[in-house]
Amino acid sequence: QVHLVESGGGLVQPGGSLRLTCVASGTIFSIYSMGWYRQVPGNERALVAMITEVGIPNYDDSVKGRFTISRDSAKNTVYLQMNELKPEDTAVYYCTSYIYSASSSIPRNYWGQGTQVTVSS
C-alpha cells in the first residue's frame, strides 16, 4: 500500500505564491518520479510538472518560468513552488508518482486525493 498526501493549497490573489507539498508513504522500494497534475471541471487532468529521483524536471509550457518543482528523496517528498499565480491556475492539484515495490521491476502509478488552489481577487 502506497499513499500520497498533498498539502499547501488555498486561496491566493493573482500574482501571489503558494507552495504545495506531497509526501509518499507506505511500502516503497524506490521512486522513479513524482510530480503534479491539475484538473478543472469539464477538462482532462493535465500535466503541471514532474521530476525524477535523479533530478530531471519536466514542466508544462503554461507554468514554465513561474513554477519550480523540487524533491527531497530522503523524505519521499516533492514540492511545487508556484509564483506569479494567475486565475487560470485555479484547479485541483493532484500529486502523482511512479513507485517501485520490492516484488516488481515495473513501477506502479499512484495518485493523491488532491488539494484545491484558487487564484482570485
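**View 1. Cys 95, a buried cysteine in a predicted model.** At 0% relative accessibility, Cys 95 counts as buried, and this is a predicted model. Cys 95 sits in strand β9. Setting aside residues up to four places away in sequence, Cys 95 touches Leu 4, Glu 6, Cys 22, Met 34, Gly 35, Trp 36, Val 78, Tyr 110, Trp 111 and Gly 112. For a distance to check in your viewer, try Met 50: its C-alpha atom is 9.5 Å from that of Cys 95, and the two residues are 45 apart along the chain.

**View 2. The disulfide between Cys 22 and Cys 95.** How many disulfides does the structure hold? Just one, and it joins Cys 22 to Cys 95 with an S to S distance of 2.0 Å. The angle about the S-S bond is -85°, which makes the link of Cys 22 and Cys 95 left-handed. Cys 22 belongs to strand β3 and Cys 95 to strand β9, so the pair ties together parts that are 73 residues apart in sequence. Is Cys 22 buried or exposed? Cys 22 is buried, because its relative accessibility is 0%, under the 20% cut-off.

**View 3. An open sheet of four strands.** Follow the strands across and you get the order β1-β3-β8-β7, with antiparallel pairing. Which strands stand at the edges? Those are β1 and β7; each has a single partner strand, so one side of each has no neighbour in the sheet. On average, and ignoring direction, neighbouring strands here are turned by 15° against each other.

**View 4. The bridges, strand by strand.** Start with β1 and β3, which run antiparallel and are joined by six bridges. In that pairing, Leu 4 stands opposite Ala 24 in β3. Moving on, β3 and β8 also run antiparallel, with six bridges between them; here Val 23 is opposite Thr 77 in β8. Then comes β7 with β8, antiparallel and linked by six bridges. Asp 72 has Thr 77 in β8 as its bridge partner.

**View 5. Thr 77 in strand β8.** Why does Thr 77 count as buried? Because its relative accessible area is 5%, and the cut-off for buried is under 20%. A polar atom of the Thr 77 side chain lies 2.9 Å from the backbone oxygen of Lys 75. Leave out the neighbours within four places in sequence, and Thr 77 is in contact with Thr 21, Cys 22, Val 23, Met 34, Ser 70, Arg 71 and Asp 72. Among them are the disulfide-bonded Cys 22 and the bridge partner Asp 72.

**View 6. The largest nonpolar core and Tyr 93.** This core has 27 residues, and the members that touch the most others are Trp 36, Leu 80, Met 82 and Tyr 93. Which elements give two or more residues to the core? They are β1 (2-7), β3 (18-26), β4 (30-39), β5 (46-52), β7 (67-72), β8 (77-82), β9 (91-100) and β11 (115-119). Now pick out Tyr 93: with neighbours within four places in sequence left aside, Tyr 93 is in contact with Glu 6, Leu 20, Trp 36, Tyr 37, Arg 38, Val 48, Phe 67, Leu 80, Met 82, Gly 114, Thr 115 and Val 117.

Key:
Residues numbered from 1 in each chain as written. Predicted model: local features only at pLDDT ≥ 70, side-chain atom pairs only at ≥ 80, totals over all residues. Heavy atoms only, no water. Core = buried A, V, L, I, M, F, W, Y, C linked by side-chain atoms within 4.5 Å. Buried < 20%, exposed > 50% of the residue type's maximum accessible area, 1.4 Å probe, protein only. Contact = heavy atoms within 4.5 Å. Polar contact = N/O pair within 3.5 Å; in protein donor to acceptor, adjacent residues only side chain to side chain. Pairing = 2+ DSSP bridges. Axes fitted to C-alpha atoms, helices over the stretch in contact; angles between N-to-C directions. Disulfide = S-S within 2.5 Å.
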